[in-house]
Amino acid sequence: MGIFHWTEKSSDVLHSGGVIGPDERLPWPQTGLMGIQHVIAMFGSTVLAPILMGFDPNLAVLMSGIGTLIFFLITGGKVPSYLGSSFAFIGVVIAATGYAGQGANANIGVALGGIIACGAIYTLIGVIVQWLGTGWIERFMPPVVTGAVVAVIGLNLAGIPIKNMAASNFDSWMQALTFVSVGLVAVFTRGMVQRLLILVGLIVSSIFYALLTNVAGLGKPLDLSGVINAAWFGLPQLHAPVFSAPAMLLIAPVVIILVAENLGHIKAVTAMTGKNLDQYMGRAFIGDGVATMVSGAGGGTGVTTYAENIGVMAATRIYSTAVFLCAALLAVLLGFSPKFGALIQAIPLPVMGGVSIVVFGLIAVAGANIWVRNHVDFSQNKNLIVAAITLILGTGDFTLKFGDFALGGIGTATFGAIILYALLNRDKR
């Protein structure tokens, strides 16, 4: 496909439990199916974040696809990642716009100006990393640090499905049924079905949900009226940015969190694939920064590389960047389809919560895998203390405020791990 080339692997690789690397791909039909699974994995968070900020969720899906395409082009198709709506912007956007929490955000333009400023700084950081290299990253972020940061990304998100996606005891049982379904598919199936464990588990659980609610009368019934009434095709409404100095000063520092997230994600993919992606770190930052600016310019949220999709890669062992190209193109098409948005939003919340439990848990385990692969020695107190404190800071969402800017759990855990390691790793004279 143009300048991008992948070595095609036979479908037999699926049955043998083999790994598909970033520069490899399955035949295009199977690659497309994997793309659908990644779209579903990112959809819940990509739609939820704009809703919480008063943005248009369909436009956010469109911009996530465009942003992923931008990231794909800038990284030369070498880094498998999907870019979705970043939760790091929620607090500062609400503070900058005075959003009341319901309906459309009347001051969205002010938020967009701040998002663009954040993306510009992010891009500049990427240029610096590309120019100076990643040696300094290796010094400040050895495996004990990167493993803890990756694990924290999954653990920090754990509260979303546990606390916010199960309103009743029935919903909690449905979450359990969902993650058990995904587990059964992962262990007892083979071939393409096994690699589509998230998608298959979600479909099976949704069918059970419909039977238990719409037929047996338990829980909130599955409602497809929104899907039936939604248009097949529609243009999302765009918004123009307004550049306000106070809003930009409030929103731009989110770049610290975006850098930490992207860095952790690349380290996780490096550990899973066995391919060192550090040489693309600068490009990845630039790609994410440019995508954030483009999204903000059209009325979308700031974007970030998605841990949800890294969790899917960990489960399927398919790291092909061709999958993310397919997912991005699909997201662009679906961004123009209100009917698709209605279909995804019709997925029962506890079912999506059960899937999220699996995906976030896989991210946490990917962090532990970094420790195992690099033989991190926890008999050394410096490693033990760094990992212990980092995990609790991130899991407990330890937050530090600097004026109006709040650095939440992932940010404090990331920078706390870096600073702690630098402090405790000083040579003994």
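This is a short chat about reading confidence, a buried helix and a surface patch in a predicted model.

Reader: Since this is a predicted model, where in the chain is confidence lowest, and where is it highest?

Author: Start with the overall score, then go helix by helix. The chain averages a pLDDT of 84, and 93% of the residues score at least 70. Confidence is lowest in helix α1 (residues 12-15), with a mean of 65. The highest is in helix α15 (residues 281-298), at 95.

Reader: Now helix α7. What is its reach from first C-alpha to last?

Author: Compare the span with what's expected at 1.5 Å a residue. Helix α7 (residues 143-156) has 14 residues and covers 19 Å, close to the expected 20 Å.

Reader: Is α7 mostly covered or uncovered?

Author: A general idea helps when you look around a helix: with 3.6 residues a turn, residues three or four places apart point the same way. As for α7, it's mostly covered, with 12 of its 14 residues buried. Among them are Val145, Gly147, Ala148, Ile153 and Asn156.

Reader: Which residues form the nonpolar patch on the surface?

Author: Look for Leu124, Val127, Ile128, Trp131, Leu132, Trp136 and Phe140. Together they have about 770 Å² of accessible area.

Reader: Which helix gives the largest share of that patch?

Author: That's α5, with five residues. Both α5 (108-132) and α6 (135-140) supply at least two residues each.

Reader: Why does Phe140 count as partly exposed?

Author: Partly exposed runs between the 20% and 50% cut-offs. Phe140, found in helix α6, counts as partly exposed because its relative accessibility is 40%.

Conventions:
Residues are numbered from 1 along each chain as its sequence is written. This is a predicted model: local features need pLDDT of at least 70, side-chain atom pairs count only at pLDDT 80 or more; totals for chains, interfaces and linings use all residues. Side-chain values use heavy atoms; hydrogens and water are left out. pLDDT is the predictor's confidence in each residue, from 0 to 100. Helices (H or I, at least four residues) and strands (E, at least two) are DSSP runs, numbered from the N terminus. The expected span of a helix is 1.5 Å times one less than its number of residues. Buried means under 20% relative accessible area, exposed over 50%, partly exposed in between (1.4 Å probe, protein chains only). Patches are made of residues with over 30% relative accessible area and no salt bridge: like charges are joined within 9 Å, nonpolar side chains (Val, Leu, Ile, Met, Phe, Trp, Tyr) within 5 Å. Accessible areas come from the Shrake-Rupley method with a 1.4 Å probe; for residues, only the protein chains shown count as cover. A salt bridge is a side-chain nitrogen of Lys or Arg within 4 Å of a carboxyl oxygen of Asp or Glu.
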